[in-house]
Amino acid sequence: MNDRKLGTIGFLTHTSVAVLMTIAGLSSVSAQESADAEKLFKEGIFLREQGQIFNSINALETVLTNDPTLQRARLELAVAYFRALNYEQASKQAQRVLDDPKTPETVRLAVLTFLAQIKRDEAALAANPHNFEPSISLGAMYDNNVNVGPSGTTLPGGLVLTPGSSPKSDWASVLQAGVTHTYNSPLVIPFGQTPTRLIWQSSAGYYHKGYVNMTDFNLTALTFATGPGFIAPNSWRAKLNFQVDNLRLGSEQLGLYSSVAPTATWQLKNGELTVDGLALHKRFDRKIDDGRDSNYFSAGLSYGHLFFTGKLAAQVGVKGFNEKADLERFTNRGWEGFIGANVAAWTNGSVYGRYSYRTARYDGVEPIFAVAREEFEDRYEVGAGHNFKEGLMKDWKLSGNWVRSEAHANVSIYTYQREVLSVNLARSF
């Protein structure tokens, strides 16, 4: 899930560390606590700091039921409700402490600051239940193997491929535009001990890659996606995405892809662990693609880590896949892995590099070659980007990258090299 799209939720659940540390460190307002009450009080705070928010609330509520005058416990309860995203109860408990004439001035000041934080979060949530984010990207690219022509043109028995099958290069323009809608629900869903916000994201997009000369390879995609998301602040987030892609190649309808993709990410110290899956149905329309209709499934695991206070980000991941097609020669299974890094190289600018490896084994034999296809691919990518923060280009991002693919197979027509150089200018509104 895109961090910028989740920024509203992140802001709503942001806790003022200074305020909460002040409240958590308050001395006892009431000195009449019994030993049992003190033990339960400490247990409530411990449970809260361990992430067991709802158990913490129950413990602190019990303390106050036995002695409603324990304002220190009431303040800790207010913090627990705040972390449970229950702003109404957090405000109510904090206000009761503020209304007590015995509350010291130093404590009163901390409570007033805490109440202001609650009101800001409530106001932001009420003001931004719906967020629309249009975006556009314009680019150009050079592709030295548009038709994915093989490195060799000679087949077994001395057969030679036609000249049209050899690699062809061309320039292309790329246009991408879309809009994303995010609904930030005020509903809080308890997942075990974790309070979770519900969001719903939908998007519609248009993509077109148009070549100057080889127009038969122009690619146009219309995409619609929707699905719920769940955000547990400072803990985890998850999303279930339903998507449909309508594809055209050149002047022909290529096919329709329909997919369901679940994703879950856990926040760790200076890192994130992500598990994702994909169930995809490919339906092709062209006569030449008969037998390629398939069901594709994959599952992956990746980890990202920040170094040097976020100036360097590194990520590594692996994924397994299985595709069952109508014809055996298109049915395949395999795995792929990647490693990459992104460096903040200058103010508002970064460079990145990525290497990926993919291998697949097919079931059916290839015509003419009479063997089942086996292949692997190395892919290298480097790029850079700059975000403009002022001037005429304010809020635009300029980026460029170079990608080299090297495919190797026991069937020569699937062995090829390809390089793509591209540059684009993008903005979200």
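1. A good place to start is N66, which counts as exposed because its relative accessibility is 63%; here buried means under 20% relative accessible area, exposed over 50%, and partly exposed in between, with a 1.4 Å probe and protein chains only. N66 is found in helix α4 (residues 53–66). Helices are DSSP runs of H or I with at least four residues, strands are runs of E with at least two, and both are numbered from the N terminus. The C-alpha atoms of N66 and A37 are separated by 8.0 Å, with their positions 29 residues apart along the chain.

2. Before going on, please keep in mind that this is a predicted model: local features need pLDDT of at least 70, side-chain atom pairs count only at pLDDT 80 or more, and totals for chains, interfaces and linings use all residues. Residues are numbered from 1 along each chain as its sequence is written, and side-chain values use heavy atoms, leaving out hydrogens and water.

3. Now the overall picture. The protein has seven helices and 14 strands, and 39% of its 429 residues are buried. Among contacts (heavy atoms within 4.5 Å) with a separation of 6 or more, 57% are between residues 24 or more positions apart.

4. Helix α3 also offers an exposed residue. D36 is found in α3 and counts as exposed, at 63% relative accessibility. Its C-alpha atom is 9.0 Å from that of V63, and the two are 27 residues apart in sequence.

5. Helix α5 (residues 71–83) deserves a look. Twelve of its 13 residues are buried, so α5 is largely enclosed by the rest of the structure; among them are Q71, R72, L75 and F82. The end C-alpha atoms of α5 are 19 Å apart, which agrees with the 18 Å that its 13 residues should span at 1.5 Å a residue; the expected span is 1.5 Å times one less than the number of residues. After α5 comes L85, whose phi is positive, near 65°.

6. Which residues touch the most other members of the largest nonpolar core? They are I57, V111, F114 and I118, in a core of 28 residues. A nonpolar core is a set of buried Ala, Val, Leu, Ile, Met, Phe, Trp, Tyr and Cys residues joined through side-chain atoms within 4.5 Å. Helices α3 (35–49), α4, α5, α6 (87–99) and α7 (105–127) each supply at least two residues of this core, and α5 gives the most, with eight. Another core, of eleven residues, lies apart from it and includes L247, Y257, L280 and F321.

7. There are 21 salt bridges in the structure, each a side-chain nitrogen of Lys or Arg within 4 Å of a carboxyl oxygen of Asp or Glu. One of them joins K282 and E323 (3.1 Å, N to O). K282 lies in strand β7 (residues 271–284) and E323 in strand β9 (residues 312–325), so the pair ties together parts that are 41 residues apart in sequence. K282 is buried, at 16% relative accessible area, and E323 is buried too, at 11%.

8. Another salt bridge joins K287 and D290 (3.2 Å, N to O). Here K287 is exposed, at 70% relative accessibility, whereas D290 is partly exposed, at 43%.
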